[in-house]
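Visitor: Please take one part of this model and look at it closely, together with whatever packs against it. I would like the geometry set out with care, and each criterion stated as it comes up.

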Amino acid sequence: MELAQIVPGLFILLCIAVMGLHVLSLPANWIILVLLALWKFFHPAMDMSWWFFLGLAALAGVAEVLEFVIQLKGAKKYGATGRGNLGGIIGAIAGAILGAGFLLGVGALPGALLGAWGGCLVVERMNGRDWAEAKRAAMGAMWGKFFGMTVKIGFGAVILSLAVPPVWGG
């Protein structure tokens with residue numbers, strides 16, 4: 001096997017590994033875009049136009065918005081208030097940060113989910129809602145976070161699958 005085949009293969013493996021950063025609630029899609037821009041910089045003949053990069057950036061942006069909207073809609077569907085939603089978002093961020101120290105960083109995923117649940121629950125209770133209503137809203141925040149992250153990871157897979165052919169062939 002030639003070096004011309006090994007280097008793109010290693011780069012693609014690096015991008016696949018970066019997809020794992022989604023579990024840590026890090027901006028994996030954006031990191032992949034930066035890596036692709038660096039690859040393009042060092043391989044200017046590669047068949048990736050700036051329109052292609054703009055399209056990938058649009059996909060990453062849509063993924064971010066969808067993740068946020070799905071979390072909000074999930075919590076709202078289960079009865080969360082606006083404040084409860086905000087508590088769920090802040091809780092998800094705090095949970096991901098606190099959970100990152102466990103299970104070699106994979107703890108950020110359950111940390112984000114539990115943080116969304118706990119943040120929404122606490123805020124809903126502070127606003128005078130009873131336990132049953134607060135727990136239901138918190139479950140919505142947790143499931144919204146889960147499905148939002150799932151959609152974001154799916155968009156990352158699409159971004160990566162669109163980027164592999166030009167890297168491999170370029």
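**A close look at helix α6**

Guide: The chain contains six helices and zero strands, where helices (H or I, at least four residues) and strands (E, at least two) are DSSP runs numbered from the N terminus. This is a predicted model, in which local features need pLDDT of at least 70 and side-chain atom pairs count only at pLDDT 80 or more, while totals for chains, interfaces and linings use all residues. Residues are numbered from 1 along each chain as its sequence is written, and side-chain values use heavy atoms, with hydrogens and water left out.

The part I have chosen is α6, residues 131-169, whose 39 residues should span 57 Å at 1.5 Å a residue, in agreement with the 57 Å between its end C-alpha atoms; the expected span is 1.5 Å times one less than the number of residues. At the N-terminal end, Asp130 acts as a cap, with a side-chain oxygen 3.1 Å from the backbone nitrogen of Ala132. Farther along, α6 bends by about 30 degrees at Ala163, with Pro165 following within four residues; the bend is the angle between axes fitted to the seven residues ending at a position and the seven starting there.

Turning to its neighbours, the axes of α6 and α2 (residues 28-42) come within 10 Å and cross at roughly 10 degrees, where axes are lines fitted to C-alpha atoms over the stretch in contact and angles run from 0 to 180 degrees between N-to-C directions. The two helices are therefore roughly parallel, a description used for angles under 35 degrees, with over 145 counting as roughly antiparallel. On the α2 side the contact (heavy atoms within 4.5 Å) involves Asn29, Ile32, Leu36 and Trp39, and the α6 residues include Phe155, Ile159 and Ala163, the last being where α6 bends.

Against α3, α6 packs at about 165 degrees with the axes 6 Å apart, so α3 and α6 are roughly antiparallel. Their crossing is right-handed, which means that the near helix is turned clockwise from the far one by less than a right angle. Finally, α2 and α3 (residues 50-77) also meet, their axes coming within 10 Å and crossing at roughly 170 degrees.

Definitions and conventions:
Polar contact = N/O pair within 3.5 Å; in protein donor to acceptor, adjacent residues only side chain to side chain. Parallel < 35°, antiparallel > 145°, perpendicular 65-115°, else oblique.
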